[in-house]
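Student: I would like a close look at one part of this chain, with enough of the surroundings to place it. Please keep the account plain.

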Amino acid sequence: MLRILNSRQIVVSSDRLHDCKEYLESEFHLMIDHALSVGWSLDEVTLALNGLVAEEVAVPERAITLH
């Protein structure tokens, strides 16, 4: 699977991507549910998460590794 993110190519096997999503899923939903429970809207939460992901990927020291 080839994904383009911030003009960088990220190559991730579909099996590893599936496993990683499963690993993160429960904590991810808990984090969203917590944010909603304290008054943030789903739109605000998704935009904030998107921004945090973009910031994380933009850090050069966080070179994407291939597996």
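Student: What percentage of the residues in the chain is buried? After that, please take E22 and describe where E22 lies and which patch E22 belongs to.

Tutor: Buried residues account for 9% of the 67 residues in the chain. The model is a predicted one, with a mean pLDDT of 83 over the chain, and 75% of the residues score at least 70. The chain contains 2 helices and 2 strands, and along the sequence they follow the pattern β-β-α-α. E22 is part of helix α1, which covers residues 14-37. Among the elements of the chain, α1 has the highest mean pLDDT, 94, while strand β1 (residues 2-5) has the lowest, 50. Where pLDDT is low, the predicted coordinates should not be read in detail.

As for its exposure, E22 has a relative accessibility of 49%. E22 counts as partly exposed because exposed means over 50% and buried means under 20%. On the surface, E22 joins D15, D19 and E25 in a patch of negative charge. For the chain as a whole, the accessible surface comes to about 5,900 Å², and carbon and sulfur atoms hold 60% of that surface. To sum up the part you asked about, E22 is a partly exposed residue of helix α1 and a member of a negatively charged surface patch.

Conventions. Residues numbered from 1 in each chain as written. Predicted model: local features only at pLDDT ≥ 70, side-chain atom pairs only at ≥ 80, totals over all residues. Heavy atoms only, no water. Patch = residues over 30% accessible without salt bridge, like charges linked within 9 Å, V, L, I, M, F, W, Y side chains within 5 Å. Areas by Shrake-Rupley, 256 points an atom, 1.4 Å probe, with all protein chains shown as cover. Salt bridge = Lys/Arg side-chain N within 4 Å of Asp/Glu carboxyl O. Lys, Arg positive; Asp, Glu negative; His and termini not counted. Charge placed at Lys NZ, Arg CZ, Asp CG, Glu CD. Helix = DSSP H or I, 4+ residues; strand = E, 2+ residues; numbered from the N terminus. Buried < 20%, exposed > 50% of the residue type's maximum accessible area, 1.4 Å probe, protein only. pLDDT = per-residue confidence, 0-100.
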